[in-house]
Amino acid sequence: MKNTLPPLDLKYVFVADATVPQLFAQAAASFPDKIALRSEDGEVTYSVLLDYAIALASSLRDSGVASGSLVGLATTRSCSAVGAILAVLLAGGAYVPLDIEGSPQDLIRKQITESNLSVVVVDDTASCKASAWDGCRTLRVPSIFNILPNRPKEPLSDISRAEDPAYVMFTSGSTGSPKGVIVPHRAVVRLVAAQRYLNFSPGETFLLHSPLSFDASTLELWGSLLHGGSLAIAPARAIGVTEYRDILKTYEVTTLWMTAAIFHLIADYAPETFHSLRQLIVGGDVILPGAVQKIQRTSPHLQIVNGYGPTENCTFTACYRIPKQLDGVTSLPIGRPIDHTSTYVLDENLQPVPDGETGELVTGGSGVALGYLKMPLETAAKFVPDPFSQTPAARMYRTGDRVRRDASGLIHFLGRFDKEVKIAGRRIDLTELEALVSRVPGVRACAALALSASSDQKELALAVEMDSASHSELHLRRELSQQLPASLLPTHIVLMDRLPVNANGKLDRPAIQTALQNRIDSNKTPAKAAGPQATLDTVLRMWQELLGRDSISPDDNFFDVNGSSLLLIRLHALLNQRYSRRLTVLDMFEATTARKMSRLLDARISEESISATRAS
């Protein structure tokens, strides 16, 4: 590969026209024998990773991938998958990560059509959704630990430019019309080069535990690999709250990104988890100061950062390095814009508002995406000319977030102007979701709302009015499961004979929200456990509390009654707190009924009792 840039220290220097492959090549040249990747399968050095990616890039070019090509990525987390991503970029293409685990096949097929993909890179885990890319050429990723594919005799020439797409990531997938955000190389470089919100250096080890289809993976990948650092790759499965501590210690992770939802769970159930870290960046939703204080008490050395940003501005727009003393603090700001980023607080006419007043957060600079894939009207509405920039033809992105900036320059997040909400770090457009649900046969009216499940969690709820012939929650769930990712299915669906309306004949949303919240809260009354069924009753009560349901059979499958991976991880934490860490997350995924869970718990308790008796 031809390297046209002089050696540089990305900690201090920002090169506006650099590309990801150029900077990785520099890191590989500086640290050829250093461990770049670590996983359960083994370790990979920088030189091996570069050789592997160049060989795979050559195969991609033989398959027709050229400058500007979009290449599907149907893989789970692995060292080989990281090599495949780098290979796509080396070949001049942009990768399109497909959520093969969490999205239904129809949604994947739609994203492939929208992206006009002709080549899809796959691994052994992708066979379950293989029909989604029928008609595409597939390139199976060889294991990076086996015999490497032949490296071309001549190095690949670098054909990418800073303005070329590096990846296309789909956002707002709950609406039925996912938007593919086109992110260029310059935005990725800006995210990790010459930044101060985190320490990026060869001495840092990041953990890749985000799905590759989630934009946080951009920080995890390139925050480490463009600086000569190490990237530890978490197992390609759901990770339990209590498992993070062991993973972080095993791989000697120093820097971690985490969603606010998981952060709050760990603060409640395992606050000592982060003790081995140096820096932790949390985002995706509002962070509770109380949770931060719990972590700070167990890890006073840890620098915690509140990170804010949409996919359309490459992962982070503003960050706040949280001070160690938070006495009397009731909310945390999202901070100031990161380097090479502009933030404006504007009114509806895109004019600045005075500090202290509410406005829309609009962001500019090198991190702004190129727009939405094949959606010119939506692109024109959200990506608008930046009149405040000195760069010709610069654009800024309208986030739709309500904020205010205080006199010190700190930005405070206040909510959304529209009906888009964030739940577990995922954005959901309630208006478009309602339109999608309304198209389901038998639905007469519906209202989508974000309800408070606890002080730090929100859950998606649907109030639905259906005709008598289709009056079935199961029918509705089956229909929605064919169109929505599992992680974005509503937690609560409440069928109502008639949705309340106000004097104007419109849906009375406050009344609907109150009714739903009361219904859900009333279902959380603890049941008393007694006799030989004590364990089963306890497990069922926890299911009821988490799922907001008062009618659950011991033989219901957790995912059939609207459980999600995130809720299963939360249930795992609750059960292990109650029963002293007797179950693993893998146990939870295998024993997915309350009866099986309770029997497995009783068996583990019995085994420990027998072992203790023998030992004595």
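Buried means under 20% relative accessible area, exposed means over 50%, and partly exposed lies in between, with a 1.4 Å probe and protein chains only. This is a predicted model, in which local features need pLDDT of at least 70, side-chain atom pairs count only at pLDDT 80 or more, and totals for chains, interfaces and linings use all residues. Residues are numbered from 1 along each chain as its sequence is written, and side-chain values use heavy atoms, with hydrogens and water left out.

**Exercise 1. Two positive phi values**

Task: Place Leu 350 and Ala 393, then decide whether Ala 393 is buried or exposed.

Solution:
- Step 1. Phi of Leu 350 is positive, near 60 degrees, and this residue is not a glycine.
- Step 2. Leu 350 sits in the loop between β16 (341-346) and β17 (358-365). Strands (E, at least two residues) and helices (H or I, at least four) are DSSP runs, numbered from the N terminus.
- Step 3. Leu 350 has a relative accessible area of 18%, so it is buried.
- Step 4. Ala 393, also a residue other than glycine, has a positive phi near 65 degrees.
- Step 5. Its loop runs between β19 (383-385) and β20 (395-405).
- Step 6. The relative accessible area of Ala 393 is 78%, so Ala 393 is exposed.

**Exercise 2. The chain as a whole**

Task: Find how many helices and strands the protein chain has, and what share of its residues is buried.

Solution:
- Step 1. Count the elements: 17 helices and 26 strands.
- Step 2. Take the 616 residues of the protein chain; 58% of them count as buried.
- Step 3. Turn to contacts, meaning heavy atoms within 4.5 Å. Among contacts with a separation of 6 or more, 65% join residues 24 or more positions apart.

**Exercise 3. Helix α14**

Task: Compare the span of α14 with the expected one, and state how many of its residues are buried.

Solution:
- Step 1. Helix α14 covers residues 534-547, which is 14 residues.
- Step 2. The expected span is 1.5 Å times one less than the number of residues. For α14 that is 20 Å, and the helix reaches 20 Å from its first C-alpha to its last, close to expectation.
- Step 3. Twelve of the 14 residues are buried, so α14 is mostly covered. Among them are Asp 537, Arg 541 and Trp 543.
- Step 4. Gly 548 follows α14, with a positive phi near 65 degrees.

**Exercise 4. Two helix pairs**

Task: Describe how α3 packs with α6, and how α8 packs with α15.

Solution:
- Step 1. Two packed helices are described by the angle between their axes and the distance between the axes. Axes are lines fitted to C-alpha atoms, for helices over the stretch in contact, and angles run from 0 to 180 degrees between N-to-C directions.
- Step 2. Angles under 35 degrees count as roughly parallel, over 145 as roughly antiparallel, 65 to 115 as roughly perpendicular and the rest as oblique.
- Step 3. Helix α3 (residues 79-90) meets α6 (residues 216-225) at about 80 degrees, and the axes are 12 Å apart. The pair is therefore roughly perpendicular.
- Step 4. Val 82, Ile 85, Leu 86 and Leu 89 of α3 touch Leu 221, Trp 222 and Leu 225 of α6. By class, this contact has seven nonpolar, no polar and no charged residues. Ala, Val, Leu, Ile, Met, Phe, Trp, Tyr, Cys and Pro count as nonpolar, Asp, Glu, Lys and Arg as charged, and the others, Gly among them, as polar.
- Step 5. Helix α8 (residues 260-269) and α15 (residues 565-579) pack at about 5 degrees, with axes 11 Å apart. They are therefore roughly parallel.
- Step 6. The residues in this contact include Asp 268 of α8 and Arg 570 of α15. The contact of α8 with α15 has seven nonpolar, one polar and two charged residues.

**Exercise 5. Two buried strand residues**

Task: Locate Val 71 and Ala 463, and list what each touches.

Solution:
- Step 1. Val 71 lies in strand β3 (residues 70-74). Its relative accessibility is 0%, so Val 71 is buried.
- Step 2. Val 96 is 25 residues from Val 71 in sequence, and their C-alpha atoms are 5.8 Å apart.
- Step 3. Beyond four places in sequence, Val 71 touches residues including Leu 60, Val 88, Val 96 and Leu 117.
- Step 4. Ala 463 belongs to strand β25 (residues 457-466), and is buried at 0% relative accessible area.
- Step 5. Beyond four places in sequence, the contacts of Ala 463 include Cys 446, Val 494 and Ile 512.
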